[in-house]
Amino acid sequence: MSNEKLTPRAENYSEWYNQVIQRAEMADYAPVRGCMVVRPYGWALWENIQQSLDGRFKATGHLNAAFPLFIPMSFLEKEKEHVEGFSPELAIVTIGGGEKLEEPLVVRPTSETIIGYMYSKWIKSYRDLPLLINQWGNVVRWEMRTRLFLRTLEFYWQEGHTAHATEKEAEEETLRMLDTYTRFAIDDAAVPVIPGRKSNTEKFAGAVHSYSIEAMMGDTKALQAGTSHLLGQNFAKAFNIQYLDVNNELQHCWTTSWGVSTRFIGAIIMTHGDDQGLIMPPRLAPIQVVIVPIYKNDEERNLVMPVVEKIRAGLGLLRVKVDDRNEVTPGFKFNDWEMRGVPLRLEIGPKDVEKGSVMAARRDILGREGKSFLPQENIYESVSALLETIHTALFERAKAFRDSHIFEAATYEELTQAVQNGWAYAWWCGSGECEDRVKEDTKATTRCIPLDQPGGSGKCVVCGRDASEKVYFARAY
Ligand SMILES: [Zn+2]
């Protein structure tokens, strides 16, 4: 607990990021290098993310289940691209109960293989399709360079796995879940994202193609905030996921997988945070409203506290915290909750009691401009409306920031300039060589080929050949 100033973002963005996570008690480093401990305040945000996504998954017909943490090594080897992609990151168990295992077990890096294996047992006929299952859990990927929430050895996520009778249905599902993620990001996290298709070099190991939502962080780097993959029949063939069609002929299924992880917490921190600390998007904020009573003595306290209680009760189901600590000053509390990003603070002092009002201070607009008086009457309505206003303002601010850092690049020169302090939006021929050259020269990679294309055609910004699609190039987390 401290009111110490954070390192300003402009001075050292990654230092600011680490400090804000630690000071706000979102997460901590675990004794094993690269692992993280998610603390209650960080986990509360994750629970709200889970709740929002879970509701959306269920509304689109998905059910939750749980699959094992351990996967036989041979399962991963069944899909060539999959094992090649994941091999360098695998944690493998070779001893169990003091005995050397007959077959090494992989700690799941993702569950396509084990779920594919189970689906091959469960799916018999077209009547069993589509099969729409989601799993909430943790996975392990042995990463070399780690950052809290963004890249850790173990992280939490959801992974949806579906099987369909036709390619068309599988592709529809892939895009439906991409859209679900887009709606979640915009409507609940106030994070503007661009949905699009990944290039072949950036796609998931084993997918036919991958889609992602891409967000711009406060330092203009891109962050892949969710992915949805069309797996084609790759896993169906590797695991014999087959069904009898209406003509009683055996067919391979078409499968998909899609995921959002605790990485999204990093996206929220870096999209909205400022030099004072976190700014939680109101719909996901662990604490939406903090009430700080203001009094100088017992007499004032006795006047103020009943009103504080009345207001807290009036706020109903909103997530409210009353900060009645006696050992610290109101000023300390203001800084503390600002650092933790609580979207709205209500101050109630003797004058407010007299006037039948409360002072509301917005986290997204610090200082006088963000303050207003609300009547104590109908407090739920006025506070809810203010939280909505904050949500919209956060989204608009992030979108304006992003859009002012996306640059159309017609020449290679413009491209290399653009990715120094933003994203480049340019025609691209689709070749991996052109991607490689950009990466070597600038460290930027293709982020996504946005679904929303301008139409027509142009010349590849790298090689000058004909190009039919535009792509975003950016440095990324
Ligand atoms: Zn090219």
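This briefing describes a mixed sheet, a mostly buried helix, a buried cysteine and two pockets. The model is a predicted one, and the values below are computed from it. In this model, 8 strands form an open sheet whose pairing is mixed, while the largest pocket holds about 1,800 Å³ of space. Helix α10, at residues 330–339, is largely enclosed by the rest of the structure, because 7 of its 10 residues are buried.

**The sheet**

- The strands of the open sheet follow one another in the order β3-β7-β8-β14-β11-β10-β9-β23, and its edges are formed by β3 (63–64) and β23 (449–450), each of which pairs on one side only.
- Strand β3 pairs with β7 (residues 131–140) in the parallel sense over 2 bridges, and in β7 it is Asn134 that stands opposite Asn64.
- Helix α5 (residues 112–122) packs on the sheet, where it touches β7, β8 (154–164), β11 (222–232) and β14 (254–261), and its direction makes about 30 degrees with that of β8.
- Strands β7 and β8 run antiparallel and are joined by 10 bridges, with Gln135 standing opposite Glu159 of β8.
- On the pairing of β8 with β14, the two strands again run antiparallel, joined by 8 bridges, and His164 stands opposite Trp254 of β14.
- Strand β8 is mostly covered, since 9 of its 11 residues are buried.

**Helix α10**

- The buried residues of α10 are Phe332, Lys333, Phe334, Asp336, Trp337, Glu338 and Met339.
- The cover over these buried residues of α10 includes the helix α1 (13–23) together with the strands β15 (289–293), β16 (320–322) and β17 (344–348).
- Just after α10 comes Gly341, which takes a positive phi of about 80 degrees.

**Cys448**

- Cys448 is found in the loop between β22 and β23, and Cys448 is buried, with a relative accessible area of 1%.
- Apart from its neighbours within four places in sequence, Cys448 is in contact with Ile194, Pro195, Gly196, Arg197, Ser212, Glu214, Val471 and Tyr472.
- Cys448 and Trp258 are 190 residues apart along the chain, and their C-alpha atoms are separated by 16 Å.

**The largest pocket**

- Of the 50 residues that line the largest pocket, Glu143, Arg151, Gln224, Arg263 and Tyr477 are the closest to its centre.
- Two or more residues of the lining of the largest pocket come from each of α4 (80–86), β8, β11, β14, α8 (263–272), α14 (432–442) and β22 (445–446), and of these elements β8, β11 and β14 also belong to the open sheet.
- By residue type, the lining of the largest pocket divides into 16 nonpolar, 15 polar and 19 charged residues.

**The second largest pocket**

- The second largest pocket has a volume of about 280 Å³ and is lined by 17 residues, with Arg9, Gly218, Thr271, Gly273 and Phe401 lying nearest its centre.
- Helices α8 and α12 (379–403) each supply at least two residues of the lining of the second largest pocket, and the largest share, 5 residues, comes from α12.
- The lining of the second largest pocket divides into 9 nonpolar, 4 polar and 4 charged residues.

Note on methods: Residues numbered from 1 in each chain as written. Predicted model: local features only at pLDDT ≥ 70, side-chain atom pairs only at ≥ 80, totals over all residues. Heavy atoms only, no water. Buried < 20%, exposed > 50% of the residue type's maximum accessible area, 1.4 Å probe, protein only. Helix = DSSP H or I, 4+ residues; strand = E, 2+ residues; numbered from the N terminus. Contact = heavy atoms within 4.5 Å. Pairing = 2+ DSSP bridges. Axes fitted to C-alpha atoms, helices over the stretch in contact; angles between N-to-C directions. 1 Å grid on protein atoms, 1.4 Å probe; cavity = no way out; pocket = protein on both sides within 12 Å on 5 of 7 lines; lining within 4 Å. Points joined across faces, edges and corners; volume = space filled by probe spheres on them. Nonpolar A, V, L, I, M, F, W, Y, C, P; charged D, E, K, R; others polar.
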